[in-house]
Amino acid sequence: MSVDEAFCVALNESSAELGALCSQILKNSDNISTTQHDTDIFFILWAGALVFMMHLGFAMLSAGAVRIKNTKNILLCILIDACTCAVAWWLLGYGFAYGDSAGGFVGTSRFAGVGIGDEFAYQDWFFQFAFAATAATIVSGAVAERATFEAYMSYSVLLSIWVYPVVVHWVWGGGFLTAGPDGFLGVGAIDFAGDGPVHMVGGVAGAIGSRLIGPRIGRYDADGKLVDIPGHSSPLAFLGVFILWVGWFGFNAGSSLTIIGSGEIAERAVVNTMLSSATGALGSLFFRTAVWPGREWDISAALNGVLAGLVAITSGCPVVETWAALVIGLLAGIFYILASRFTIRVMRVDDPLDATPVHMFCGMLGLIMTGFFAKPEFVRRLNSDFQPEDEKIYSGVFYGGSGQLLASQIVEILVILCWVTLFIAPYFSFLNKMGWFRVSPDQEESGLDDSHHGGSAYPEIYAEDNIAKKNSNNFYELEKAIPEEKEGKKSTVDPDEEDHTLNKA
């Protein structure tokens with residue numbers, strides 16, 4: 001074989017090997033692309049599961065914060081929230097939130113699951129549903145211990161099917177407040193994980209509901225002075241806060257919606273979430289102890305301080321530096337204590353779980369803090385449509401911003417206040433006028449578990465309590481009868497019954 005022939009054979013063999021190698025590279029590339037896609041799906045499903053698990057945290061916190069006689073009621077409200085919201089979100093909610101935009105106001109497509117798996121992904125629907133259910137659940141604590149179960153169910157549907165989705169469309173679904181150069185004032189609102197759509201919507205609705213339904217019986221004495229009504233279980237409240245705390249990492253980090261290429265955003269969100277919640281608890285605990293002594297080292301202040309810090313960092317968790325997260329949490333913890341006193345003493349809103357100061361007021365604070373602390377490099381990392389030459393537009397005030405971002409954050413606060421009030425206030429007022437909103441005084445006194453849900457959540461404790469009350473009443477009758485006998489009057493208590501009562505005691 002000549003040299004030329006040998007060269008041609010070798011070239012042909014090499015070409016075949018190169019061709020096979022190219023085919024393998026293309027195949028591997030497809031596999032890598034599929035793996036990346038599936039990894040993003042897993043990430044969002046994992047984060048959505050953490051967010052959904054927050055309902056367990058709400059349930060434990062709420063159960064611990066109410067009296068023992070209303071435990072079943074608050075648990076059932078939170079359970080039904082998740083169920084009614086799932087149906088409402090599938091039917092209309094997701095479409096209003098993420099459908100094709102009508103003038104930046106509301107979505108107009110993707111109703112009743114049309115397009116799922118094609119126009120939009122299953123995991124996106126699930127993740128956004130978990131957020132919607134969270135917003136609805138916030139109200140359960142604000143009207144706890146006196147709202148009818150039927151009224152609460154109807155409200156949950158209204159919020160999930162219309163009030164919440166429209167706000168979501170404004171902020172996340174391509175509406176006028178969606179972050180980007182085309183947003184309001186050339187920047188939109190930076191609300192990464194939902195200080196406005198989730199916490200403010202739920203908090204404002206809860207404040208309105210609590211104000212209209214009125215305080216619990218015994219919350220104020222005859223002179224109008226505040227009377228403390230403690231919850232029945234600090235351990236349950238503690239457990240609930242820690243479950244919420246863990247879930248919040250999925251709540252904030254998951255809002256990146258992908259992990260491939262977004263790892264830096266997610267990790268920054270998690271770290272800032274942890275730091276803000278830590279200083280929130282410390283700030284609340286120390287401020288409460290220093291300013292209003294009498295309940296030193298109050299665990300409820302510390303637990304709600306954790307939640308205050310979590311809420312306040314939700315808006316800006318991927319766009320602020322770690323030192324700023326510490327400051328935001330500290331301010332939130334102090335602000336929560338002040339807002340709590342303002343809520344009950346000035347607004348006269350009896351909110352058993354302090355949902356109003358934690359979610360409404362600290363949600364507002366979080367949006368404003370983003371307007372001050374947003375770092376331009378982090379904002380560009382979050383949204384590549386922002387250009388370096390326009391840095392002043394989307395920077396926080398403390399980074400040389402022009403104030404346009406801060407103004408957009410304030411506008412978000414104002415429009416949410418107006419929007420929620422526009423629908424929730426008339427609806428709750430109608431229920432109140434018809435007598436459908438609040439249970440009767442007798443039912444409230446006996447407890448919603450006994451009057452509406454088949455008995456106490458703790459039947460053994462409930463039985464022992466009833467026996468103790470009965471014995472106490474018997475002793476009271478006995479004490480009345482003894483002076484009567486001394487005065488020569490016939491006793492109303494049988495002597496045998498007296499002995500029986502004493503022996504039983």
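Okay, a salt bridge here is a side-chain nitrogen of Lys or Arg within 4 Å of a carboxyl oxygen of Asp or Glu. Keep that cut-off in mind, and keep in mind too that what we have on screen is a predicted model.

By that rule, this model has 10 salt bridges. Let me start with D350. D350 pairs with R216, and their closest N and O atoms sit 2.9 Å apart. Now look where those two are: D350 is in the loop between α9, residues 322-345, and α10, residues 355-373, while R216 is in the loop between α5, residues 195-213, and α6, so this pair ties together parts that are 134 residues apart in sequence. And both D350 and R216 are buried.

D350 has another arginine as well. It makes a salt bridge with R219, with the closest N and O atoms 3.0 Å apart. R219 is also in the loop between α5 and α6, so here the parts being tied together are 131 residues apart in sequence. How buried is D350? Its relative accessibility is 0%. R219 comes out at 12%, and that counts as buried because the cut-off is under 20%.

Next one: E444 and R438. Their closest N and O atoms are 2.9 Å apart, and they form a salt bridge. E444 is buried, at 3% relative accessible area, whereas R438 is partly exposed, at 22%. So which residues get joined up once you follow shared partners? That gives one network made of R67, E145, R216, R219 and D350.

Right, let me zoom out for a moment. The protein chain has 17 helices and two strands. It runs to 505 residues, and 51% of them count as buried. If you take contacts between residues at least 6 apart in sequence, 75% of those join residues at least 24 apart. The accessible surface comes to about 22400 Å², and carbon and sulfur atoms own 63% of that.

Back to single residues, and S140 is a good one to click on. You'll find S140 in helix α3, residues 122-142. Is S140 buried or exposed? Buried, with a relative accessible area of just 3%. What does its side chain have for polar company? A polar atom of the S140 side chain lies 2.6 Å from the backbone oxygen of T137. If you ignore neighbours within four places in sequence, the contacts of S140 are I74, C77, I78, D81 and Y152.

Now the surface. There's a nonpolar patch formed by M53, L56 and V246, and together they have about 230 Å² of accessible area. V246 belongs to helix α6, residues 234-253, and is partly exposed, at 41% relative accessible area.

Last stop, for anyone who likes backbone angles: the loop between β2, residues 106-107, and α3. R110 is in that loop, and its phi is near 65 degrees, a positive value in a residue other than glycine. A112 lies in the loop between β2 and α3 too. Its phi is near 50 degrees, again positive and again not a glycine. At 31% relative accessibility, A112 counts as partly exposed.

That's my tour. If you want to pull up one spot afterwards, try D350 with R216 and R219: D350 makes a salt bridge with R216 and another with R219. Happy to go back to any of these.

Notes: Residues numbered from 1 in each chain as written. Predicted model: local features only at pLDDT ≥ 70, side-chain atom pairs only at ≥ 80, totals over all residues. Heavy atoms only, no water. Helix = DSSP H or I, 4+ residues; strand = E, 2+ residues; numbered from the N terminus. Buried < 20%, exposed > 50% of the residue type's maximum accessible area, 1.4 Å probe, protein only. Polar contact = N/O pair within 3.5 Å; in protein donor to acceptor, adjacent residues only side chain to side chain. Contact = heavy atoms within 4.5 Å. Patch = residues over 30% accessible without salt bridge, like charges linked within 9 Å, V, L, I, M, F, W, Y side chains within 5 Å. Areas by Shrake-Rupley, 256 points an atom, 1.4 Å probe, with all protein chains shown as cover.
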